[in-house]
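Please load the model in your viewer and keep a selection panel at hand. The tour proceeds by selections, each followed by a description of what is to be found there.

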Amino acid sequence: MKKVMSIQDISCIGKCSLTVALPIISAAGIETAIVPTAVLSTHTHFKGFTFRDLTDDMEPIRDHWKSQGFKFSAIYTGYLGSERQINIVQSFFDTFKEEDTMIIVDPAMADGGELYCGFDEHFAKEMGKLCGKADIILPNISEAALMLGEEYPGEEADEETIKALVLKLSALGAKLSVITGVNLSDGTFGFIGYDSEKKEFFKYGTERIPMKSHGTGDVFASAFTGALANEFSVYDALCIAADYTSRCIKNTYNDPDKVDYAVNFELELPYYISRLKK
Ligand code: PXL
């Protein structure tokens with residue numbers, strides 16, 4: 001069985017980061033090794049959340065895993081709590097990257113043009129450096145703009161604006177840069193990416209559902225990682241992730257008992273698994 005490493009926090013309630021990555025990547029039939037960077041009572045959109053910093057545990061976990069000879073087909077990182085954690089994550093890349101290890105960085109730190117609670121512009125620049133070490137990066141529009149020190153163009157930014165942004169992002173160094181949460185010109189909602197080796201743009205959109213939700217970036221990145229580990233091409237894995245995330249949003253939109261802090265990713269796992277069967 002393939003093994004993927006995911007480095008993110010545990011938000012005990014919030015359906016994001018590891019509480020999403022672990023079930024989704026496991027459902028894809030991939031062993032999911034986790035490096036919890038912090039334990040929070042909820043994600044940071046709730047007031048008064050607790051935060052137990054686990055930075056001091058990260059390097060001992062890395063060293064123990066190294067001593068045991070564990071190998072990973074991908075390393076997927078999401079929300080990181082501090083610049084120190086970003087530096088330690090780079091050392092995980094240096095320690096475990098082999099020729100066929102895909103490094104996927106979702107610089108989860110902002111939305112709606114605003115950094116999440118606790119982050120500043122310097123942190124965003126450091127996250128940009130981490131993105132430079134990745135094979136694939138998956139920022140939303142806000143994260144892309146903040147890492148580049150550019151003005152936030154808004155959620156309704158047109159395709160040409162996003163293409164210009166993704167081209168600048170690719171100069172950070174990742175092979176594939178993908179901006180998520182984009183409103184495409186044909187009325188769909190999806191992603192625009194750039195392959196710096198082929199020098200090609202690519203895009204894909206799904207039904208636009210009039211609901212703003214939290215944690216969808218994490219659902220998308222996790223589903224992408226699981227599909228990629230199942231040997232789908234990058235583009236096909238991105239499309240599977242987009243279709244699954246769209247279904248999760250729609251399911252939540254139609255649910256009278258929905259929570260307002262996350263999407264019903266659990267209820268669409270059978271769909272996700274069905275998409276992974278070849
Ligand atoms: O989904 C991103 C995320 C992950 N982890 C924590 C968060 C958020 C978004 O707000 O607060 C702790």
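This is a predicted model. Begin by selecting His 45 together with the ligand: a polar atom in the side chain of His 45 lies 3.0 Å from an oxygen atom of the ligand. With the ligand still displayed, consider its accessible area: of the 310 Å² that the ligand has on its own, the protein covers 96%.

Next, add Thr 44, where a polar side-chain atom is 2.6 Å from a ligand oxygen atom. Then add Asp 9, which has an N or O atom of its side chain 2.8 Å from a nitrogen atom of the ligand.

Now widen the selection to the surroundings of the ligand. The residues around it include Ser 11, Cys 16, Ser 17, Leu 40 and His 43, as well as Tyr 79, Tyr 116 and Asp 218. If a pocket surface is displayed, look for the ligand in the largest pocket.

Move on to helix 5, residues 141–148. Is this helix mostly covered or mostly open? Helix 5 is mostly covered, with seven of its eight residues buried. To view the buried residues, select Ile 141, Ser 142, Glu 143, Ala 144, Ala 145, Leu 146 and Met 147. Then show what covers them, including helix 4 (121–131), helix 6 (159–170) and strand 9 (176–183), along with strand 6 (110–111) and strand 7 (114–115).

Finally, inspect the two ends of helix 5. At the N-terminal end, Asn 140 acts as a cap, with a side-chain oxygen 3.1 Å from the backbone nitrogen of Ser 142. Just after the helix, select Gly 149, which adopts a positive phi of about 70°.

Technical notes:
Residues are numbered from 1 along each chain as its sequence is written. This is a predicted model: local features need pLDDT of at least 70, side-chain atom pairs count only at pLDDT 80 or more; totals for chains, interfaces and linings use all residues. Side-chain values use heavy atoms; hydrogens and water are left out. Buried means under 20% relative accessible area, exposed over 50%, partly exposed in between (1.4 Å probe, protein chains only). Helices (H or I, at least four residues) and strands (E, at least two) are DSSP runs, numbered from the N terminus. Contact means heavy atoms within 4.5 Å. A polar contact is a pair of N or O atoms within 3.5 Å; within protein, one must be able to donate a hydrogen and the other to accept it, and residues adjacent in sequence count only if both atoms are side-chain atoms. A residue is near a molecule or strand if one of its heavy atoms lies within 4 Å of it. Accessible areas come from the Shrake-Rupley method with a 1.4 Å probe; for residues, only the protein chains shown count as cover. On a 1 Å grid over the protein atoms alone, a cavity is a set of points where a 1.4 Å probe fits but cannot get out, and a pocket is an open set with protein on both sides within 12 Å along at least five of seven lines; lining residues have an atom within 4 Å of a point. A molecule sits in a cavity or pocket if more than half of its atoms lie within 2 Å of its grid points.
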